[in-house]
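Ready for some practice at reading a structure? Work through the exercises below with the model open beside you, and try each one before you peek at the solution.

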Number of protein chains: 2
Amino acid sequence: MTTHSLPFYKTDHFRNEKNNVTIQSMAKTLGVSVTTISRVLNGLGEQFRISKKTIELVTTTADKLNYRPNNIAKGLRLKKSSTIGLILPDITNTWFAQLALGIEKEARKHHYNIFLCNSNDDIKVEKKSIALLQSWMVDGIIIAPIGLESEHLQKASKSGTPLVLIDRFFEGVNLPYISSNDFEGSLEATQYLINYGHKKIACFQGIVGTSPNNQRVNGYKQALKKNKIPLTRPW
Amino acid sequence: MTTHSLPFYKTDHFRNEKNNVTIQSMAKTLGVSVTTISRVLNGLGEQFRISKKTIELVTTTADKLNYRPNNIAKGLRLKKSSTIGLILPDITNTWFAQLALGIEKEARKHHYNIFLCNSNDDIKVEKKSIALLQSWMVDGIIIAPIGLESEHLQKASKSGTPLVLIDRFFEGVNLPYISSNDFEGSLEATQYLINYGHKKIACFQGIVGTSPNNQRVNGYKQALKKNKIPLTRPW
DNA sequence: CTGAAAGCGCTTACAG
DNA sequence: CTGAAAGCGCTTACAG
């Protein structure tokens, strides 16, 4: 590089006019093709028998210039964003926060990033979130649905966005899901109280109509029935 | 569109060979230019005096076909991702979760999406997260830093990524931040106890060296001093 | 009023 | 072993 006093943007060939370090700007200055740089930076140097010298040159300059590959360009070209959309009713709920933490950690391992959306227990926001995530070309969506409507989810799934439900699911709807063993848990809890001799056992419901609530109520009822305790309503 | 029995991908001119609805595929079938479609879909129809008929045609087909603009392509072209990176030590902590919720809600209003990263209170993860977010061309980063090291943050900021600290900050480091009034709060809390006649007041510290902890300890000390209560250590 | 064409920064089939 | 060129899906300066 020249050292006489041209203005900075003239001498610094490693950057384009927008002051970005890109594969092309490096290629121009280094005198190698963008193809080569791309290959080296993707660890394909050996495979394409690029000389050790070039590999060394490319990696060190990329490092020195603090080069950051443009994932957006990459995503457009590859038609794959390496991104997962996560739609949660409310991240403030520790249960959902724990899900988010676990999902983000696992995603990171595979170099995936998480787009976080809170549906705020509002079906309209949930629908908008899905549209938004699809616009971002996410590779898939993990969603803890509000829980009472599923057509939009089926539609999204059919349109080609891989979708997996978490926490809540829809009976009779063919969508993959992962959820807790609510029925068994409720059954066990109720049985536990019964074993201690209790007869009048109340059951607080969650959101009526959602799968976890259904399962839990069913477990509760099942336990009462098994022990021949009549089901009564407090009102 | 033809109705005789060609295979689906042949008749459906609204989609490209990859089965995606894009501006170009619609343009081809509708017989208008991609320019026009882009304008209409961006609400610039009136401005460019595009005929009502065309506007109507474009919007309804886009709607019918469930067209989703490709934000990745848009981002590449505009060099603006409409995306904000959020780095939090641990989303499972309700305090951070509440921050995340508020940030996401506000971002959504402005059609921004949030990339969530948990640094897991690990400086290495924090650094990696920043690099990752820069690769995603985020328009800015909001970070609740681990809190003991700041060079990498200054570097990121200097390299052109807008950065704002939340919760914790670094004294003497010129980085914008938003944090709680820890000093005042601690001072008030301590004074409150003193007002009730207490003399032996303990102070549990958080993470030593972080700004919130420093501020709180200082508030505590200040209150003791003001009331001439000697500062003692329990050991 | 409307559109052809360039270009954002990558990857990869293709040719040498 | 190496590179020129096409193309991912958009937007927009430019020309008519």
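**Exercise 1.** Work out which parts of DNA strand C meet the protein, and which residues come nearest.

*Solution.* Start with the DNA side. Sugar or phosphate makes up 62% of the atoms of DNA strand C within 4 Å of the protein, and the rest belong to bases. Keep in mind that this is a predicted model.

Now switch to the protein side. There are 27 residues around DNA strand C, and the nearest are A:Ser38, A:Arg77, B:Arg49, B:Arg77 and B:Lys79. Sort the residues of this surface by class and you get seven nonpolar, 11 polar and nine charged.

**Exercise 2.** Find the helices that supply the surface near DNA strand C.

*Solution.* Look for elements that give at least two residues each. In chain A these are helix H2 (23-30), H3 and H5, and in chain B they are H3 and H5. Next, pick the top contributor: H5(A) gives the most, with four residues.

**Exercise 3.** Decide what part of DNA strand C each of A:Ala73, B:Ser33 and B:Thr36 touches.

*Solution.* Take them one by one.

- A:Ala73 uses a backbone N or O atom, which lies 3.2 Å from a base nitrogen of DNA strand C.
- B:Ser33 has a polar side-chain atom 3.3 Å from a phosphate oxygen of the strand.
- B:Thr36 has an N or O atom in its side chain 2.8 Å from a phosphate oxygen.

So much for that strand; on to its neighbour in the list.

**Exercise 4.** Describe the surroundings of DNA strand D in the way you just did for the other strand.

*Solution.* First, the residues: 26 surround DNA strand D, and A:Arg49, A:Arg77, A:Lys79, B:Ser38 and B:Arg77 are the closest. Sugar and phosphate account for 60% of the strand's atoms that come within 4 Å of the protein.

Second, the classes: seven nonpolar, 11 polar and eight charged residues form the surface near DNA strand D.

Third, the elements: H5(B) brings the largest share of this surface, four residues.

Last, some individual contacts. A:Lys79 places a polar side-chain atom 2.5 Å from a phosphate oxygen of DNA strand D. Bases are reached too: a polar side-chain atom of B:Arg39 is 3.3 Å from a base nitrogen, and a polar backbone atom of A:Arg77 is 3.2 Å from a base oxygen.

**Exercise 5.** Is chain A a compact globule, or is it more spread out?

*Solution.* Begin with the inventory: chain A has 10 helices and five strands. Then compare two numbers. The globule rule gives 18 Å for 235 residues, but the radius of gyration of chain A is 28 Å, well over that value, so the chain is more spread out than a compact globule. You can also look at the C-alpha trace, which spans about 95 × 35 × 30 Å along its principal axes.

What about the inside? Of the 235 residues, 42% count as buried. Chain A exposes about 14,200 Å², and carbon and sulfur atoms supply 54% of that area.

**Exercise 6.** Is B:Thr83 buried or exposed, and what is it in contact with?

*Solution.* Locate B:Thr83 in strand E1 (residues 83-88) of chain B. Its relative accessible area is 1%, so it is buried; the cut-off is under 20%. Now leave aside neighbours within four places in sequence: the contacts of B:Thr83 include A:Phe115 and A:Trp136 from chain A, and B:Tyr112, B:Phe115 and B:Val138 from chain B.

Terms used. Residues numbered from 1 in each chain as written. Chains lettered and ligands numbered in written order. Predicted model: local features only at pLDDT ≥ 70, side-chain atom pairs only at ≥ 80, totals over all residues. Heavy atoms only, no water. Near = heavy atom within 4 Å. Polar contact = N/O pair within 3.5 Å; in protein donor to acceptor, adjacent residues only side chain to side chain. Nonpolar A, V, L, I, M, F, W, Y, C, P; charged D, E, K, R; others polar. Rg over C-alpha atoms; globule rule 2.2 N^0.38 Å. Buried < 20%, exposed > 50% of the residue type's maximum accessible area, 1.4 Å probe, protein only. Areas by Shrake-Rupley, 256 points an atom, 1.4 Å probe, with all protein chains shown as cover. Contact = heavy atoms within 4.5 Å.
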